[in-house]
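Biologist: I am new to this structure and should like to understand how its parts fit together. May we go through it by question and answer?

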Amino acid sequence: MAKQKTGETPLRIGVLGALVSEIEPLLGWVQHVRRIPTPVGLLYQASYGEHELFLGVAGTQKTNTAAALQALITGYSPDVLFFTGVAGSLDPELSLNDVVLASSVVHHDAGVLYGSPLAFHPFGPRIVDEASEHAALWGRVNRFDSDSGLLRAARQAAIKLTSSAPDRKFKEGVIATGDQVVFSSEKRQQIRDQFEALAVETEGAAFAQVAWTNKVPFLVVRSISDDAHEQSLSPEKLERIVSAIAIHTPEEEAGNELARTINTVAESAAALVLATIDELPDHLLLNGLADSTDSEAV
């Protein structure tokens, strides 16, 4: 990985993934790794150049992600936040191992179901406004925009990585999040049409919502592991996804096809996260992060 330039401002950087296999590549590229206590998930402290990194394994889906990120923010006050991992493609131009930079993330499964035939109207959760004397709730915030400084840095990092991996595409756009793991062509098309999303996964919007609420700049980076339709789901993969069997060490998972795919593909997103960190001093205004609180009601 690229090395930090002399004289850069050290940052405290939080990086979360859902699975060990999504964080494992980073553990191999950073220095002075040690496990530290956390009430949720797994957390490692490490260094990368002069930066201090906190690398967390949250577990899958929204609730685990929100709890792990709030624990990280409360305990260690990071300056910037990244989520790294894999996702299903909603865009026919994206292939296995391509990478999506989230311009924004949206809850695709938050809303109201009504009528017969069944209809769905999306809207976001209400969020407590801490400044309000009467504890008023925000209108239904559903779309959370990535920090513009982090996006600028990620774009530059992607350009540099493309020169060494010309077959890998980097694309910027909306990532959709829901607690459902999507392997349905009908649902895939619905999410794409409704939110103009490039990819779908199960953690990003919860991560973004907690970061936004805490006013910490964030970016979600996902590499494509499948096409999010029926043909991507074998009986063996379905059995593995729904199984209650514990996932243990990466070595034990190495014999599993699904785990091997995730581990290999996750490295592409992780590489972009570290390459983006290399670009931060040139692209991130440390005293001008107000745009990280941008959001949109849907």
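Biologist: In β11, which residue is the bridge partner of glycine 88?

Modeller: This is a predicted model, and the pairing is read from it. Strand β5 (residues 80-89) and β11 run antiparallel and are joined by two bridges. In one pair, serine 89 stands opposite alanine 199 in β11. For glycine 88, the bridge partner in β11 is valine 200.

Biologist: Is strand β11 largely enclosed or open?

Modeller: A residue counts as buried when its relative accessible area is under 20%. In strand β11 (residues 197-201), five of the five residues are buried, so the rest of the structure leaves this strand largely enclosed.

Biologist: Which residue of β11 does threonine 177 stand opposite?

Modeller: β10 pairs with β11 in the parallel sense, over four bridges. The residue of β11 that stands opposite threonine 177 is glutamate 201.

Biologist: How many bridges join β5 to strand β12?

Modeller: β5 is mostly covered, with 10 of its 10 residues buried. Strand β1 (residues 12-17) runs parallel to β5 and is joined to it by four bridges; there, isoleucine 13 stands opposite valine 80 in β5. With strand β12 (residues 218-226), β5 also runs parallel, and phenylalanine 82 stands opposite leucine 219 in β12. The number of bridges between β5 and β12 is eight.

Biologist: Does glutamine 209 count as buried or exposed?

Modeller: Glutamine 209 has its place in helix α5 (residues 204-213). Leaving aside neighbours within four places in sequence, glutamine 209 is in contact with His107, Pro125, Ile127 and Phe144. Because its relative accessibility is 18% and the limit for burial is under 20%, glutamine 209 counts as buried.

Biologist: What is the relative accessible area of valine 181?

Modeller: Valine 181 lies in the loop between β10 (170-177) and α4 (185-195). A residue is partly exposed when it is neither under 20% nor over 50% in relative accessible area. Valine 181 is therefore partly exposed, its relative accessible area being 47%.

Biologist: What is the area of the nonpolar surface patch that includes Val181?

Modeller: A residue needs over 30% relative accessible area to belong to a patch, and valine 181 has 47%. Val181 makes the patch together with Leu238, Ile241 and Val242. The area of this nonpolar surface patch is about 330 Å².

Terms used. Residues numbered from 1 in each chain as written. Predicted model: local features only at pLDDT ≥ 70, side-chain atom pairs only at ≥ 80, totals over all residues. Heavy atoms only, no water. Patch = residues over 30% accessible without salt bridge, like charges linked within 9 Å, V, L, I, M, F, W, Y side chains within 5 Å. Areas by Shrake-Rupley, 256 points an atom, 1.4 Å probe, with all protein chains shown as cover. Salt bridge = Lys/Arg side-chain N within 4 Å of Asp/Glu carboxyl O. Buried < 20%, exposed > 50% of the residue type's maximum accessible area, 1.4 Å probe, protein only. Pairing = 2+ DSSP bridges. Contact = heavy atoms within 4.5 Å.
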